[in-house]
Amino acid sequence: MPERSHPYEALPAAELLALDRQHVWHPYGPMPGRQEPLIVSSASGVRLRMAEPVEGHEELVDGMSSWWSAIHGYNHPALNEATTAQLGRMSHVMFGGLTHEPAVRLAAKLVEITPAGLEHVFLADSGSVAVEVAVKMCLQYWRSIGRPGKTRLLTWRGGYHGDTWQPMAVCDPEGGMHELWSGALPRQVFADAPPGGFDTPVDPAYADHLRSLIAAHADELAAVIVEPVVQGAGGMRFHNPGYLRVLRELCDEYGVLLVLDEIATGFGRTGALFAADHAGITPDVMCLGKALTGGYLTLSATLCTPRVADGISEGEVPVLAHGPTFMGNPLATAVASASIDLLLGQDWQREVKRIEAGLLEGLAPAADLPGVREVRVLGAIGVVQLDHAVDMAAATRAAVREGVWVRPFRDLIYTMPPFVTGDADVARICRAVCAAAKEG
Ligand SMILES: Cc1ncc(COP(=O)(O)O)c(C=O)c1O
């Protein structure tokens with residue numbers, strides 16, 4: 001074997017794929033893998049550079065923002081600068097008994113930009129852990145104030161909150177990704193999925209359905225937890241923000257905490273900075289992740305109100321017993337602050353609206369394709385729902401042929417491009433999604 005100056009770069013594609021297949025799990029994959037992944041050698045702006053040409057393309061336009069996270073695209077000078085500057089100071093230091101400027105600055109910034117009333121920030125490693133922390137906060141709050149029987153959660157069907165245990169328990173138990181575990185997970189309370197459509201008026205009958213469930217279970221409910229406005233990996237469905245106001249009122253009336261999981265929706269994706277802003281409400285607890293670092297590093301935040309924090313801190317065990325090794329990681333928190341500054345330092349609403357207009361126009365033809373059930377667009381999110389399970393390999397290949405990367409699942413071909421995606425690239429992504437819908 002020839003000497004390699006850089007072990008990764010020089011690894012021939014065939015060898016890399018063989019090692020990958022032999023040793024590496026991929027998301028929701030079997031072992032060994034059955035589908036050959038594409039090899040990315042670098043990424044810049046909205047383009048992923050392939051280790052070797054695929055369907056004649058050396059680069060693919062990224063239609064996924066690496067699962068909602070890379071809102072500014074890849075290899076952004078400002079984010080590179082923030083990361084390398086912090087790298088020169090320290091990449092990590094423990095957070096127990098120590099603190100540092102990147103984490104403190106980020107926490108203060110998050111308090112400033114999230115709905116009024118959220119004042120305390122718990123930093124963790126991933127979205128799923130943020131949801132674990134949120135659930136722990138809620139259960140501990142009730143235990144601390146003398147209501148230890150309030151341990152269950154209520155959510156609506158069609159949701160997705162992550163892959164660790166508590167989040168899995170509030171994913172849709174039927175047809176959802178974690179159906180397998182239905183007998184083993186804590187049993188939560190499920191409402192019907194919210195009626196679809198951002199602009200579809202609030203259905204009073206559905207509001208009554210929520211009321212009757214919350215009323216019936218109030219004594220055992222610690223919290224209602226939902227994805228606001230957009231249900232992501234559970235089906236890419238949109239609903240009227242009015243349902244969040246309904247939930248806020250019902251939670252107040254029946255003494256239940258409200259958790260909003262904004263891990264996918266946060267940082268502008270739906271056209272508002274946070275989906276809660278569409279409804280003008282403040283949850284008791286809010287989870288953030290994904291785009292928090294502009295897709296640079298894994299980081300999440302769970303914010304709560306003083307009521308929740310005080311309840312915990314004045315209880316029998318007056319601490320929140322959670323402390324990940326990499327809590328508040330300086331590199332991640334530094335780049336998160338830089339990403340937020342970058343977002344807020346531009347007219348991001350205009351960019352999201354521009355992409356929304358491009359998606360509306362470019363995806364419209366998909367509605368006439370055989371096998372397409374619905375086309376829907378909200379903010380910088382475009383969804384084509386089929387009336388059958390997508391042939392993932394065929395759909396992906398069709399999109400790649402157009403020079404675009406998308407990752408369909410279930411009956412969905414969807415895109416949420418980086419906010420820096422130009423009009424021509426948005427149009428190209430749409431052509432690719434239509435091609436994928438035709439062949440998938
Ligand atoms: C709404 C929502 N919550 C939680 C998660 C889990 O986040 P992570 O994959 O970072 O654990 C996701 C991920 O897709 C999500 O979309």
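**View 1. Lys290 reaches toward the ligand.** In this predicted model, a polar atom in the side chain of Lys290 sits 2.9 Å from one of the ligand's oxygen atoms. Taken on its own, the ligand has 390 Å² of accessible area, and the protein covers 82% of that.

**View 2. Gly127 and Ser128 meet ligand oxygen.** Look at Gly127 here: a polar atom of its backbone is 2.8 Å from an oxygen atom of the ligand. With Ser128, it's the side chain that does the job: one of its N or O atoms is 2.6 Å from an oxygen atom of the ligand.

**View 3. The whole shell around the ligand.** Now for the full cast: Ser126, Gly127, Ser128, Tyr160, His161, Gly162, Glu227, Asp261, Ile263, Ala264 and Lys290 surround the ligand. Sort the residues of this shell by character and you get three nonpolar, five polar and three charged.

**View 4. A four-stranded open sheet.** Leaving the ligand, we come to an open sheet whose four strands follow the order 1-2-3-15. The pairing in this sheet is mixed. Which strands are at the edges? They're strand 1 (40–44) and strand 15 (404–405), and each of them pairs on one side only.

**View 5. Where strand 3 meets strand 15.** Zoom in on strand 3, which spans residues 57–62: it runs parallel to strand 15, and two bridges join the pair. To find your way around, try spotting Val61, which stands opposite Val404 in strand 15.

Conventions. Residues are numbered from 1 along each chain as its sequence is written. This is a predicted model: local features need pLDDT of at least 70, side-chain atom pairs count only at pLDDT 80 or more; totals for chains, interfaces and linings use all residues. Side-chain values use heavy atoms; hydrogens and water are left out. Two strands pair if DSSP finds at least two bridges between them. A residue is near a molecule or strand if one of its heavy atoms lies within 4 Å of it. A polar contact is a pair of N or O atoms within 3.5 Å; within protein, one must be able to donate a hydrogen and the other to accept it, and residues adjacent in sequence count only if both atoms are side-chain atoms. Accessible areas come from the Shrake-Rupley method with a 1.4 Å probe; for residues, only the protein chains shown count as cover. Ala, Val, Leu, Ile, Met, Phe, Trp, Tyr, Cys and Pro count as nonpolar, Asp, Glu, Lys and Arg as charged, and the others, Gly among them, as polar.
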